[in-house]
Amino acid sequence: MDFLQTYGFLIVTMLQQGLLGLSLYFPLMAGQLSLASPGFYAMGGYIAAIVLTNPSFAPWREALGGWIFPVTWLLSGLASAVLGVVVGVPALRLRGIYLALATIAFVQILQVLSLNLSVTGGAIGLFGIPQAFGFVDRWQYIWIFLPAVVVVLLFAHKLQGSRVGRAFRAIREDELAADAMGIPPTRYKVLAFVIGAVIAGVVGAMSAPFLNTWNARQGTFDASIAFLAYTLIGGSRSMWGPLLGGALLASLPELLRGLADWRLVINGLVLVVASLYLPQGIVGALSRLRRKTPPQRPTPQHQAALGETP
Amino acid sequence: MTGHVAPNAPFAPMDAGQQLLQATGLTRRFGGLVAVNNVSFEVRRGEIFGLIGPNGAGKTTLFNLMTGLTPPSGGTLTYQGKNITGFPPHRVAALGIGRTFQNIRLFKVLSALENVKVAQHARTGAGLLQGLTGRDRAEERLVDERAWALLDLVGLANRAGEEAGNFSYGDQRRLEIARALATQPQVLLLDEPAAGMNTSEKGELTGFIRRVRDEFDLTVMIIEHHVPLVMNLCDRVAVLNFGELIAVGDPASVQRDPKVIEAYLGG
């Protein structure tokens, strides 16, 4: 257990940052560069922190016991979905860098709100958030974050092979052509955005007990850029990219601890080198080495598939 | 799932020769330029309708107006008796008007197979939940089979897994036709399908379009510069010049029309 005592916090942080990287992956599947994740992450954390510390929720905590934690995840997920639709419908009329800027503005608005509201504890934030499920060590959060990573990866995998996943990819490649082929782009862009928002929100709710305190520093412009770096380094075309990028960049400061102040220089160098030499990210470069298996033709069950209307 | 029909499935088919599409006073201005000026015509069910005219005459703009990619500045478009003016492209596609693009707009990094699968979107209905729980299996199977059958039709099944962007010009044009057919259209709009093809490919294309029309019970509208192909293939031809419709009729009489001769040789 010595290893976990020393590195448990780091491992959990790597998983957590990997999940946040993945929250950018879903909008990117549909070609949308959204940097709104820190906003939803911060909001999810605040919802959990309020439910877990505010006196007005004391009856909830007594009645639900340990179940209060999954309930905070659920609440944060729902709130993120609703806010995701409200923000997504107007914001997704913008494209490319303009969408990125609008989503950064959204993060800023939430940050200013949290600094000024009393329910969020203003500049001090909320502290003394109880440990989830009575965990006594930080590494035990692996039991929350590891299954979360598995669930998100399974979700991404299933999504990619489905009708909705195909619609996302078509929109990413050519929105106009996708539209002309019968795919309503707005609906799917909002859906992709909301999926990313829900993941970020739930991760926020999971992180509030893990970090013990929650304040306005959780959802900042810096975080937007950090999450973007995860997908750039790891690669945005595969679900493994943002996960790997998040885990790697979260571990870098720790791995380079011996280099003291030089570690920030190395951190920056890694970013520059990766964007110069790995335009598709690490996972993108690796997958080019792998030979693709050609698609298998199904054995026909329906004769004359063309004449048939499904 | 197999029995699922998209909410805006095509209308019931009508008899051959009946009017299927009607444009009335269709107009599109871009600033001071009138790209399509007060154009009226009808397309009859089952025919191959050619659209010709010099460069910049407004042919592609007219296609864009008909498929919702460009909203008209004026006029109406009626399809099977329903006013579809101003419908967004995905609704037009769902109603049964499919198209290809002059400047090929395949999903380049997707495989040929995926390109043809994607285009079946409006004819299928599996949502996020069905996809996640595997309840889309029957539908997916049908989508897969149909995609392979369409690749067979255009002779690209042996390259199903290749990225569409790697295909030759002619193959990309064929793949685009397969993708348009995957939307299960009743009307197929082909924007210069022979562009970039060599002479023998052009020759094959005539037979191919006829075959597709018969096999899928289609009405075809085609923009083409290659005059022999148009004269050989089309039942009727419309001629656009500077955004205005100057002649409509059977190929032989259009070819003799003095206004058409002037547009091509004089002007």
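Helices here are DSSP runs of H or I with at least four residues, numbered from the N terminus.

**View 1. Chain A of this predicted model, traced by its helices.** Read along the sequence, chain A follows the pattern α-α-α-α-α-α-α-α-α-α-α-α-α. That comes to 13 helices and zero strands, so do not look for a β-sheet of its own here.

**View 2. The overall dimensions of chain A.** Taken along the principal axes, the C-alpha atoms of chain A fill a box of roughly 65 × 45 × 40 Å. The radius of gyration of chain A is 21 Å, which agrees with the value near 19 Å for a compact globule because the chain has 310 residues.

**View 3. Inside chain A, with burial and contacts in focus.** Of its 310 residues, 48% count as buried; for this, 20 or more other C-beta atoms must lie within 10 Å of a residue's own. Turning to contacts in chain A with a separation of 6 or more, residues 24 or more positions apart account for 80% of them.

**View 4. Where chain A meets chain B.** Here 31 residues of chain A are in contact with 43 residues of chain B. On the chain A side, the elements giving two or more residues are α6 (142–160), α7 (163–173) and α8 (175–180). The largest share, seven residues, comes from α7(A).

**View 5. A closer look at the residue classes on the chain A side of the interface.** Which kinds of residue does chain A bring to chain B? The side of chain A that touches chain B divides into 18 nonpolar, four polar and nine charged residues.

Note on methods. Residues numbered from 1 in each chain as written. Chains lettered and ligands numbered in written order. Predicted model: local features only at pLDDT ≥ 70, side-chain atom pairs only at ≥ 80, totals over all residues. Contact = placed C-beta atoms within 7 Å. Nonpolar A, V, L, I, M, F, W, Y, C, P; charged D, E, K, R; others polar. Rg over C-alpha atoms; globule rule 2.2 N^0.38 Å. Buried ≥ 20, exposed ≤ 12 C-beta atoms within 10 Å, placed from the backbone.
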